[in-house]
Amino acid sequence: MLVPVTALCWIALMVGAMITHGRRGELRFAALNLAYLALAVFVAWGRFGPGAFTG
């Protein structure tokens with residue numbers, strides 16, 4: 001149960017990090033945060049989604 005909740009919190013953290021890096025002009029780091037965001041969305045979708053891949 002903690003993995004999907006952590007993934008949701010990680011999504012919020014990465015959105016905040018992207019905004020911060022974007023404001024500071026660090027677009028390379030914002031792109032890296034986008035990759036981490038995509039991974040967190042994948043995990044959250046896989047755990048909460050309609051066909052959850054829980055074992």
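At what angle do helix 1 and helix 2 pack?

## Two helices

In this predicted model, where local features need pLDDT of at least 70, side-chain atom pairs count only at pLDDT 80 or more, while totals for chains, interfaces and linings use all residues. Residues are numbered from 1 along each chain as its sequence is written, and side-chain values use heavy atoms, leaving out hydrogens and water.

Helix 1 covers residues 2–24 and helix 2 residues 27–48; they pack at about 160 degrees, axes 8 Å apart. (Helices are DSSP runs of H or I, at least four residues, numbered from the N terminus; axes are lines fitted to C-alpha atoms over the stretch in contact, with angles from 0 to 180 degrees between N-to-C directions.) So the pair is roughly antiparallel, the word for angles over 145 degrees.

## A greasy patch

On the surface, W10, L13, F29, L32, Y36 and L39 make a nonpolar patch of about 590 Å². (Patch residues have over 30% relative accessible area, by the Shrake-Rupley method with a 1.4 Å probe, and no salt bridge, meaning Lys or Arg side-chain nitrogen within 4 Å of an Asp or Glu carboxyl oxygen; nonpolar side chains are joined within 5 Å.) Helix 2 gives the most, 4 residues, while W10 sits in helix 1.

Key:
Parallel < 35°, antiparallel > 145°, perpendicular 65-115°, else oblique. Patch = residues over 30% accessible without salt bridge, like charges linked within 9 Å, V, L, I, M, F, W, Y side chains within 5 Å.
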